[in-house]
Amino acid sequence: MVNNLTVVVLAAGGGTRMKSKTMKVLHRIGGRTMIGHVLAAARATEPERIVAVVGHQREQVEAHILTLEPNLVLAVQEEQLGTGHAVRMAAEAAGQLSGTVLVAYGDTPLLTGASLRWFVAEHEASQGAVSILSGIVDNPFGYGRVLRNAEGDVEAIVEEKDASPQQREVREINSGILAFDAEFLLAALPRIGNDNAKGEYYLTDVIAIAREDGLTVGAYPIDDVMQTEGVNDRVQLAKMGAELNRRIVERWMQEGVTVMDPATTWIDADVVLAQDVTILPGVQLLGTTVVAEDAVVGPDCTLKDCEIGAGARVVRTHGELAVIGEEANVGPFSFLRPGTLLGARGKIGGFVETKNAAIGDGAKVPHLSYVGDAEIGEGTNIGAGTIFANYDGVNKHRTTVGKHARTASNNTFVAPVTIGDGAGTGAGTVVRQDVPPGALAVSSGPQRNIEGWAQAKRAGTAQANAAEAAAAQASGERDTTHERTELGNPG
C-alpha cells in the first residue's frame, strides 16, 4: 500500500462535443464507463482515499461512481472554473491532506493501475514538489510542451499557442496527470490566478509557483503515451474503444487463448478466459462473462454475463445471464435469456429460446422450441417444436419435467404442470394435467380420413387435380392387378 496517497479524479466538465444527454465520462467502452476504467486504475494504487470532482450533470455521475466506489469522497464544482479550482474543491472535500496527491482525469480510459503506481513511485523517490506524467511523441502539435533546463529539471510547461518556434520542436508533452507533495499543493492552490483569456484557474500554474519557491519539478515520460489520451467526441470514443479492445484481445492471446480473428472479436474488460479457450470469428464476450478451459465459442456469438463450462461448445448464440455446463452444446441460432441453466453434457439446439429454465445434466432440447419457467430433469429429451406455455395472461407458471422423460414433437405444456420421471408424450399432445412417472400422455383422438375431401371441397384447384390423378392411377393399378389374377398370373 502506498502511504498517504490521495487520488483526485476530475469529472466535472460538460463534454459538449459528445453531443449527448449522457455525461461524457459515462460513455462506455470495453464494458465500463470511461470513469469506471479510471477508477479501476486509481483503485489499483491502493490509495488512502479517492476523491471525484463532479459538476455538470452531477446527479447522473454521482449515482454511477458511488456504485463503483461506495467509499469515494465526492467534491462538487458548482462552476467549472478550471482544473486548479477543481482540485481546490477536492482538497476542501477531502479534509486534511498529507503525503502524495495524484490528479487524473475521468476521460482517459486506457490508463492502467500499473502506470499510476510507477508514476507515484517515481514522484515519491524524487522528493519533489510536483511531478508531471509526460510522454515523448513524434507529432506534439496541440499539446503543452515540457521545458527542461540544462540539468534536466522541469522549468515550465508552455502551451502550443504560446510556444516559440524553438519550443514547438520539443517532443516531450504534458499529459495533464500530475503528482504533488500534499503540503506544497495546499499552499500553492490559493496562489493560482485566473489572469488568462478564459478567466480560469489552471492547475499547471503550480509548476511556475514551485520554481519560484526554488522547489523541484520532475517529469517522467510514460512509454505508452496513449494511456494518457482523453476522449472529447464520439469519433475519439470509437478510436479508443477499438484500441482498448485490441489490447484486451492481445493480452488474452498472450495468456493462452486462441482467437481466430482478432478483428471481429470483442472482449470486455471484466471478462475472464481460461487457457485453451478458442474464440472463433464474430464473437462478443461482454460484461462479466467467464469461459472455462477448452471451451469453443463461435462463430457469431454474443454472450453477456454468462458462464461457459469447460469443454462446452457454443455456436451462433445470443445469451445473457446464462450458465452453460461442462461439455454442453448450444446452437446454432439459440437465444438464452436470463436464468437459463444448462447442465453438463446438455444440449440447447437450433432455434431454441430459453428463459428462467434449468435443464439438467445430459438433457436435450434440440430443435425449434420455447422453454420458459421450466425445470427439465437429467437425461430427458424434449421433442422438436415444443412450447412451454408459461403465461396465462396474468401470471407466469412453472413446468417440471422429470428425469429421462421422452416427449414427442409439437407438444404444448400448459403450466403449471408436472411430467414424471420416465414419462412420455405423443406427437402433438397438449399436456394440461400432470403425467405420472412412466405414463404416456396422448391428448389427440384417433385419426380419421375423409375420402375425396379435396375433390369435393377444392374442385378445380391444383390440390384437387393432383388428388384426382393419384386416384385414377391407383384405380388403374387395381384394374391391372385384377386382370393378372383372372389370367392366373398374379403380379
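Arginine 145 is buried in this predicted model, with a relative accessibility of 2%. Because burial is assigned under 20% relative accessible area, this arginine falls in the buried class. The residue belongs to strand S8, which covers residues 145-148. Two backbone oxygens are reached by the side chain of arginine 145: that of arginine 168, at 3.2 Å, and that of proline 140, at 3.4 Å. Both of these partners also appear among the residues that arginine 145 touches, once residues up to four places away in sequence are set aside. The rest of that list consists of Ala156, Ile157, Val158, Glu160, Gln167, Val170 and Glu172.

The strand that holds arginine 145 is one arm of a hairpin, formed by S8 and S9 with five residues between them. Strand S9 spans residues 154-158, and four bridges join S8 to S9 in an antiparallel arrangement. Within this pairing, leucine 147 has alanine 156 of S9 as its bridge partner; alanine 156 is also one of the residues touched by arginine 145. In the turn of the hairpin, glycine 152 takes a positive phi of about 90 degrees.

We can turn next to the annotated site. The UniProt annotation "binding site", from an unreviewed entry, covers Asp107 and Asn232. The two positions are spread over 126 residues of sequence, yet they cluster in space, with a largest C-alpha distance of 8.0 Å. Each lies in a loop that leads from a strand to a helix. For aspartate 107, the loop runs between strand S6 (100-105) and helix H4 (113-126); for asparagine 232, the loop runs between strand S11 (217-221) and helix H7 (234-254).

The two annotated residues fall into separate accessibility classes. Aspartate 107 counts as buried at 13% relative accessibility, whereas asparagine 232, at 24%, counts as partly exposed. Leaving aside neighbours within four places in sequence, aspartate 107 is in contact with Lys24, Val25, Met34, Glu229, Gly230, Val231 and Asn232. Under the same exclusion, the contacts of asparagine 232 are Arg17, Met18, Lys24 and Asp107. The annotated residues therefore touch each other, and Lys24 appears in both lists. Between asparagine 232 and lysine 24 there is, in addition, a polar contact of 3.4 Å that joins their side chains.

Helix H7, which follows the loop of asparagine 232, also takes part in the second largest pocket. This pocket holds about 330 Å³ of space. It is lined by 14 residues, of which Leu110, Leu111, Thr112, Leu244 and Ile248 are the closest to its centre. Helix H1 (34-43) and H7 are the elements that give two or more residues to the lining, and H7 gives the most, with four residues.

Elsewhere in the chain, seven strands make up an open sheet with parallel pairing, in the order S12-S15-S18-S21-S24-S27-S29. Its edges are strand S12 (258-259) and strand S29 (364-367), each of which pairs on one side only. At the S12 edge, the partner is strand S15 (residues 278-279), and the two strands pair in the parallel sense over two bridges. Here threonine 258 stands opposite threonine 278 of S15. In general, the strands of a sheet pair through backbone hydrogen bonds, in either a parallel or an antiparallel manner. Both senses are found in this model: S8 and S9 run antiparallel, while S12 and S15 are parallel.

Definitions and conventions
Residues numbered from 1 in each chain as written. Predicted model: local features only at pLDDT ≥ 70, side-chain atom pairs only at ≥ 80, totals over all residues. Heavy atoms only, no water. UniProt positions renumbered as here; feature names shortened; annotations may be inferred. Buried < 20%, exposed > 50% of the residue type's maximum accessible area, 1.4 Å probe, protein only. Contact = heavy atoms within 4.5 Å. Polar contact = N/O pair within 3.5 Å; in protein donor to acceptor, adjacent residues only side chain to side chain. Pairing = 2+ DSSP bridges. 1 Å grid on protein atoms, 1.4 Å probe; cavity = no way out; pocket = protein on both sides within 12 Å on 5 of 7 lines; lining within 4 Å. Points joined across faces, edges and corners; volume = space filled by probe spheres on them.
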